[in-house]
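Reader: Please show me the structure. I should then like to put a number of questions about it.

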Amino acid sequence: MLNPQRSLSELPKMSAASQVERAVLEEEFNWLLKEEVHAVLKQLQDVLKEASRRFSTPTPGLETQLKQENFILGSSTMDQVKGVLTLQGEALTQADINLKVAKSSQVLHFQFREDKLWKLQQIQDARNHVTQALQLLSSRDDSYHFKTGAEVNKLMDAVMLQLTRARNRLTTPASMTLPELATSGLMKMFTPPMPGDVMVNFYINLSKLCLTVYQLHVLPPNTTKNFKPAGSSVLHNPGAMFELNNNRFEVSHVHKVECVVPWLNDTLVFFTISLQLCQQLKDKISVFSSFWNYRAF
């Protein structure tokens, strides 16, 4: 049986020990807010500056212009579509495409008009989100004193939101309907002009630059075929139908070729590292928060 007197006499000692423990924790927490948070913010800025440098646009007047990179599309197993794409940052500055028409030996050749380039919206958006993340981080310089863990978490959540959106833009291509594709500005980029029964689309998927070529055939006006317009998709399959300018079309063949863009892969790695750094800092804050919530102080 416990001795009540003994228990009561030990209470001041326990309380004193708890006060020491709390004082140590508060000192550690203040060091975290003053020193370690800023060290992590600096690390995040360094990583994201590297990411930003990978797909930043050329700055007028500076010698460090983005180099043009050529990427070869096509493979030995599927030679219906071959081509060379020239990428400069977020812009396709040239596309040279050969298409072997299905059921014939005819080869069609298209390339961008010299006065045209095609901006890849996914890369633009990803870059903008990284810029916003960097602006959030730079708003808290070394002289800034974080007062609470909640304040740090709020900043980390805002940065993580921008990084997640940047990553999602590269990993999730936009869905499009076939009429949207047929009337997009991309169809006006080529010389000679694309024939009415061919459509193309460029997009980013993870670290790959993808080209999809659709061959179409016109459905007879009074066709008894069950006409069902296709919805929005990243990649439409053969048999997909759509209507445009009172004509009905069906996709007869789909050709997809792609190539790896190494610096896009680097960028995705930088996003992963940055998100991990943010989460690790949040976890450290959480350790202290759970202590304050657990102890009745």
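Author: In this predicted model, alanine 39 counts as partly exposed, at 47% relative accessibility.

Reader: In which helix is alanine 39 found?
Author: Alanine 39 has a relative accessibility of 47%, and partly exposed residues are those that are neither under 20% nor over 50%. The C-alpha atom of alanine 39 is separated by 8.9 Å from that of aspartate 142, although the two residues are 103 apart along the chain. The helix that holds alanine 39, residues 4–55, is α1.

Reader: How many helices and strands does the chain have?
Author: The chain has 297 residues, of which 39% are buried. Among contacts with a separation of 6 or more, 66% join residues 24 or more positions apart. The secondary structure comes to five helices and 10 strands.

Reader: Is histidine 129 buried or exposed?
Author: Histidine 129 is found in helix α2. Beyond its neighbours within four places in sequence, histidine 129 is in contact with Gln162, Arg165, Ala166 and Arg169. Its relative accessible area is 16%, and the cut-off for a buried residue is under 20%, so histidine 129 is buried.

Reader: What is the strand order of the open sheet of four strands?
Author: The pairing in this sheet is antiparallel. The edge strands, β7 and β9, each pair on one side only. From one strand to the next, the twist averages 35°. Read across the sheet, the order is β7-β8-β10-β9.

Reader: Which residue of β8 is the bridge partner of valine 200?
Author: β7 pairs with β8 (residues 208–218) in the antiparallel sense, over eight bridges. Two residues lie between the strands of this hairpin, and leucine 206 has a positive phi near 60° there. Within β8, the bridge partner of valine 200 is valine 213.

Reader: How many of the residues of β7 are buried?
Author: A residue is buried when its relative accessible area is under 20%. By that criterion β7 is mostly covered. Of its eight residues, the number buried is seven.

Reader: Which residue of β10 is the bridge partner of glutamate 243?
Author: β9 and β10 (residues 247–260) pair in the antiparallel sense over four bridges. Methionine 241 has glutamate 250 as its bridge partner in β10. For glutamate 243, the bridge partner in β10 is arginine 248.

Reader: What is the phi of asparagine 246?
Author: Most residues other than glycine have a negative phi. In the hairpin of β9 and β10, with two residues between the strands, asparagine 245 has a positive phi of about 50° and counts as exposed, at 65% relative accessibility. Asparagine 246 is found in the loop between β9 and β10 as well, and at 73% relative accessibility it counts as exposed. Its phi is also positive, at about 65°.

Reader: Which peptide bond is cis, with omega near -10°?
Author: Most peptide bonds are trans. Proline 192 lies in the loop between β6 (190–191) and β7. The cis bond runs from threonine 191 to proline 192.

Reader: Which element gives the most to the lining of the second largest pocket?
Author: The second largest pocket holds about 260 Å³ of space. Of its 15 lining residues, the closest to its centre are Gln121, Met176, Asn201, Phe202 and Tyr203. At least two residues of the lining come from each of β5 (118–119), α2 (121–138) and β7 (198–205). With three residues, the element that gives the most is β7.

Reader: How many residues of the lining of the second largest pocket are charged?
Author: The lining divides by class, with nine nonpolar residues. Four further residues of the lining are polar. The charged residues number two.

Reader: How many charged residues are in the lining of the largest cavity?
Author: The structure holds one cavity of 30 Å³ or more, and about 30 Å³ of space lies in the largest cavity. Its lining consists of Met176, Leu181, Asn201, Tyr214, Ser233, Val234 and His236. Four of these residues are nonpolar and three are polar. The number of charged residues is therefore none, since Asp, Glu, Lys and Arg are the residues that count as charged.

Key
Residues are numbered from 1 along each chain as its sequence is written. This is a predicted model: local features need pLDDT of at least 70, side-chain atom pairs count only at pLDDT 80 or more; totals for chains, interfaces and linings use all residues. Side-chain values use heavy atoms; hydrogens and water are left out. On a 1 Å grid over the protein atoms alone, a cavity is a set of points where a 1.4 Å probe fits but cannot get out, and a pocket is an open set with protein on both sides within 12 Å along at least five of seven lines; lining residues have an atom within 4 Å of a point. Grid points are joined across faces, edges and corners, and a volume is the space filled by probe spheres set on the points. Two strands pair if DSSP finds at least two bridges between them. Axes are lines fitted to C-alpha atoms, for helices over the stretch in contact, and angles run from 0 to 180 degrees between N-to-C directions. Buried means under 20% relative accessible area, exposed over 50%, partly exposed in between (1.4 Å probe, protein chains only). Contact means heavy atoms within 4.5 Å.
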